[in-house]
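Please look over the structure below before reading on. The paragraphs that follow lead through a few of its features, one place at a time.

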Amino acid sequence: MPRIAYVNGRYVPHREAAVHIEDRGYQFADGVYEVCEVARGFIIDMTRHLDRLDRSLGELSISWPVARRALTFIIREVIRRNRVADGLVYLQVTRGVASRDFAFPTNAAPSLVVIAKKVAPDFQAKRAEAGIKVITVPENRWDRVDIKSTGLLPNVLAKQKAKEAGAQEAWFIDEEGNVKEGGSSNAWIVTRDGVLVTRPANHGILRGITRTSLFDVAEKLGFTVEERKFSVAEAKAAREVFISSATTIAMPVVEIDGAAIANGHPGSVTLSLRQAFFDVAEKIPA
Ligand code: PLP
């Protein structure tokens, strides 16, 4: 069965799907995106993802390419046409096609692309059994990483460096030695007292949707969450470390820059959050 993509009003075979060479997403990374998990036939946390899309678009003065209800329909249609029960749906909105000029075009319509991908349901579960490794890199991104922009070159370079080091994620570290977030995930620790700690999301990191939903999961399980900065040293000495994102949920980290966390195995708090996530998160039938 051929994969199908949605591109600017049409459902087209994935291998033929294309945007114009003067799309501002292509030329300037002048666009935003969202990734939702699809699990057991449900779209996870779509409301929060579309709320964040609305915010990202607003911050960049890009208008919605279609009404929110229509976008919801398109997302479900792309999932349906690709028969994705477990995997992800990716959507991207750019400022549209215009003759190359830095200032905003006056007459461009925003572009919309939606694609869906199957992922084996046990793919992330297997990674979670072993845990992942993280490296640290100095923060070198712009000031507006709270916007989920497609401008991800520092993230690409950091994650490539992680891969070359045999790790799966790279953490950006601020000038004080505190952890900001990963190249495509938020960062958490569990202290010796069993308190969950994650950096405040008002400035300098992306407010992850999974991060927000994990606050709900933590409450349900009776864990305390503290929003504060934490250093690399504190993370290395923590009881548990994990990352969160739509595709990884809560993913145990067992090594930072080659140093093992605790006994070098995934921690029980992380695994309990991971286990409870599906029940607590919003599930909309795909
Ligand atoms: N931080 C960054 C830089 C990301 O790219 C992502 C996801 O791609 C996240 C955090 C996690 O966000 P979410 O939980 O919404 O997937």
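Which element gives the most to the lining of the second largest pocket? In this predicted model, that element is α2, which contributes 4 residues to the lining. The pocket itself has a volume of about 190 Å³, and the elements that give two or more residues to its lining are α2, spanning residues 46–59, and α6, spanning residues 209–221.

Going through the lining by name, one finds R48, D51, R52 and R55, then D146, and after these A201, N202, I205, L206, R207, I209 and T212. Sorted by the character of their side chains, the lining residues of this second largest pocket divide into 6 charged, 4 nonpolar and 2 polar.

From the pocket we turn to another helix, α5, which covers residues 153–164 and includes V156. Together with L153 and L157, V156 forms a nonpolar patch on the surface, and the accessible area of these three residues together is about 310 Å². V156 has a relative accessible area of 48%, so it counts as partly exposed, a class that lies between the limits of 20% and 50%.

A158 is also found in helix α5, and here the question is whether this residue is buried or exposed. Its relative accessibility is 5%, and because buried means under 20%, A158 counts as buried. The C-alpha atom of A158 is separated by 9.7 Å from the C-alpha atom of N140, a residue 18 residues apart from A158 along the chain.

Methods
Residues are numbered from 1 along each chain as its sequence is written. This is a predicted model: local features need pLDDT of at least 70, side-chain atom pairs count only at pLDDT 80 or more; totals for chains, interfaces and linings use all residues. Side-chain values use heavy atoms; hydrogens and water are left out. On a 1 Å grid over the protein atoms alone, a cavity is a set of points where a 1.4 Å probe fits but cannot get out, and a pocket is an open set with protein on both sides within 12 Å along at least five of seven lines; lining residues have an atom within 4 Å of a point. Grid points are joined across faces, edges and corners, and a volume is the space filled by probe spheres set on the points. Ala, Val, Leu, Ile, Met, Phe, Trp, Tyr, Cys and Pro count as nonpolar, Asp, Glu, Lys and Arg as charged, and the others, Gly among them, as polar. Patches are made of residues with over 30% relative accessible area and no salt bridge: like charges are joined within 9 Å, nonpolar side chains (Val, Leu, Ile, Met, Phe, Trp, Tyr) within 5 Å. Accessible areas come from the Shrake-Rupley method with a 1.4 Å probe; for residues, only the protein chains shown count as cover. A salt bridge is a side-chain nitrogen of Lys or Arg within 4 Å of a carboxyl oxygen of Asp or Glu. Buried means under 20% relative accessible area, exposed over 50%, partly exposed in between (1.4 Å probe, protein chains only).
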